Amino acid sequence: MIGNLEVSPAAVYGEGLAAGSLRYQRCGSCGRAVFYPRVGCPHCGSAHLAWETSAGSGTVYSTTTIRSRSGDYNVALIDLDEGYRMMCTVRDDIAGDPRIGDRVVAVVPPGTTAETLSFRRTEQP
Amino acid sequence: MSDPSRGVISIVGAAESDLGRVADGLTSLDLAGQAALRAADDAGIGIHEVDGIFCATSHYAMSGLELAEYLGIRPRYSDSNNLGGASFVSHLLHAIAAIRAGLCTTALIAYGSTQLSDGGKLVTASAPNLYESAYRPRYPVSMYALAAARHMHEFGTTREQLASVAVAAREWARLTPGAFSTEPLTIVDVLASRMVSDPLTVADCCLVTDGGGAIIVTTTERARDLRQPLIPVLGVGEAHWHRSISQMPSLTTTAALDSGVRAFAMAGLDVADVDVVELYDAFTINVPLFLEDLGFCAKGEGGAFVSEGRIAPGGTLPVNTNGGGLSYAHPGMYGIFLLVEAVRQLRGGTGARQVAGAEVALVQANGAVLSAQATALLGSAGTL
């Protein structure tokens with residue numbers, strides 16, 4: 001039996017960011033990590049997803065710099081160490097564009113929103 | 001034992017609407033309608049002989065309803081499946097199913113867009129993925145840029161190799177009457193073009209034009225009595241694995257891997273049988289990706305494969321023989337134009353760009369962000 005939801009997956013995720021936590025889901029049936037947040041596991045079809053808090057550490061899977069009149073900015077796909085991938089931006093004081101393989105960590109101060117979430121580099125390969 | 005869907009329908013009419021920058025006030029529906037009427041003329045049938053309608057557009061969520069009303073068609077089979085630019089080759093597969101099942105006999109597949117007249121912005125009724133749009137990727141170029149960057153990282157593919165795709169397309173366009181961009185283009189020009197989303201420059205990106213296209217299919221049995229050379233649909237396959245780029249399992253392998261196997265299996269053919277290739281080149285990276293996934297070269301060798309003129313006029317594998325989305329036309333969703341050009345090549349008589357003796361054409365249509373893939377193998381009468 002798949003029960004009714006009291007709160008949406010998007011709301012749980014957003015509340016996590018606001019509290020300074022990067023949350024993701026893990027399937028109670030197959031054990032795989034799931035992102036973006038949803039109501040069922042795309043890997044096995046189970047509706048038993050549990051929320052976990054990510055350490056925020058990951059590796060740049062791919063990256064692009066978008067050239068814009070209002071300034072260049074980064075968009076990257078990050079493979080988190082817990083086994084999920086997300087799109088975000090890498091923004092820090094290190095010179096040069098982020099590269100595939102760079103180690104990064106999420107910057108999630110209290111009050112973070114999806115729009116203000118970013119990653120920063122911790123080391124380059 | 002051949003697949004029972006192989007060759008059961010044929011393309012009897014194929015046409016484009018006005019292309020490039022069309023007259024002020026024309027709508028996407030006008031262009032789809034004009035292409036449909038031209039396709040019916042090409043087939044030598046009346047538009048009201050159509051009893052199955054297949055339509056997808058960016059402007060109209062209920063495209064089939066709109067186009068049927070516009071043309072005064074009362075279809076008994078209607079399919080507005082929208083897989084982005086892959087829609088029209090997907091429609092071809094669905095038309096085989098519908099015609100084989102006796103649910104319709106004569107199907108129209110049509111598209112139109114005024115993307116250029118609208119100011120060039122990509123019109124879409126598709127809601128964004130909020131877990132991506134928060135970071136302001138430029139849709140869709142940034143998604144293809146991420147794939148290109150990953151391909152370069154994994155396989156050593158170079159920007160020069162990607163540029164050679166744009167150069168080959170331009171050389172074909174220069175042989176094609178009505179092509180949108182025909183100025184000479186070199187690899188140096190592409191590399192020096194304005195960077196949009198690294199590693200893709202504006203010259204790695206498809207055009208923005210207006211235009212529409214349409215094809216008409218019916219049973220091969222009926223097609224034999226119509227006026228155009230027989231173009232049997234030998235095989236079609238479709239596949240999609242993701243919608244958003246962050247959900248694509250590997251950025252260097254597309255679902256063309258599956259759609260291609262399905263199409264080749266239905267047709268009973270393999271890559272060695274293909275004389276001419278029409279691939280959806282929304283961005284230069286698409287061409288090596290699809291040539292790899294379809295089996296024209298090994299995974300990772302696409303960059304080298306597209307270099308040194310191999311896919312250009314005079315090369316060993318003719319690819320995008322009208323100049324493609326990069327140089328011929330690109331009104332939002334290009335897939336229908338792949339089919340039109342493949343039909344023209346198989347009928348013959350396209351002039352300077354004609355691939356001599358083309359008997360089998362492969363069409364690879366791509367939708368959204370490398371998301372939906374649909375492959376078609378079309379033949380000449382002799383391939384049945």
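How many residues of chain B are in contact with chain A, and how many residues of chain A take part? In this predicted model, 26 residues of chain B touch 26 residues of chain A. Together the two chains bury about 2,300 Å², and 56% of that area lies on carbon and sulfur atoms. On the chain B side, Tyr131(B), Tyr135(B) and Leu146(B) lose the most area to chain A, and these residues together account for 34% of what that side buries. The interface also has a charged component, with a count of 1 salt bridge between chain B and chain A. Here the side chain of Arg67(A) meets that of Asp198(B), with 2.8 Å from N to O.

Turning to chain A itself, the secondary structure comprises 1 helix and 8 strands. Along the sequence these elements run in the order α-β-β-β-β-β-β-β-β, so that, by this pattern, the helix precedes the strands. The C-alpha atoms of the chain fill a box of roughly 50 × 30 × 25 Å along the principal axes.

Of the 125 residues in chain A, 46% count as buried. As for how the chain contacts itself, 51% of the contacts between residues at least 6 apart in sequence join residues at least 24 apart. The accessible surface of chain A amounts to about 6,200 Å², with 49% of it belonging to carbon and sulfur atoms. Chain A carries 12 positive and 13 negative charges, and the mean positions of the two sets are 4 Å apart.

Methods. Residues are numbered from 1 along each chain as its sequence is written. Chains are lettered from A and ligands numbered from 1 in the order in which they are written. This is a predicted model: local features need pLDDT of at least 70, side-chain atom pairs count only at pLDDT 80 or more; totals for chains, interfaces and linings use all residues. Side-chain values use heavy atoms; hydrogens and water are left out. Helices (H or I, at least four residues) and strands (E, at least two) are DSSP runs, numbered from the N terminus. Buried means under 20% relative accessible area, exposed over 50%, partly exposed in between (1.4 Å probe, protein chains only). Contact means heavy atoms within 4.5 Å. Accessible areas come from the Shrake-Rupley method with a 1.4 Å probe; for residues, only the protein chains shown count as cover. Lys and Arg count as positive and Asp and Glu as negative; His and the chain ends are not counted. The place of a charge is taken as NZ of Lys, CZ of Arg, CG of Asp or CD of Glu. Buried area is the accessible area (1.4 Å probe) that two parts lose on being put together, summed over both. A salt bridge is a side-chain nitrogen of Lys or Arg within 4 Å of a carboxyl oxygen of Asp or Glu.
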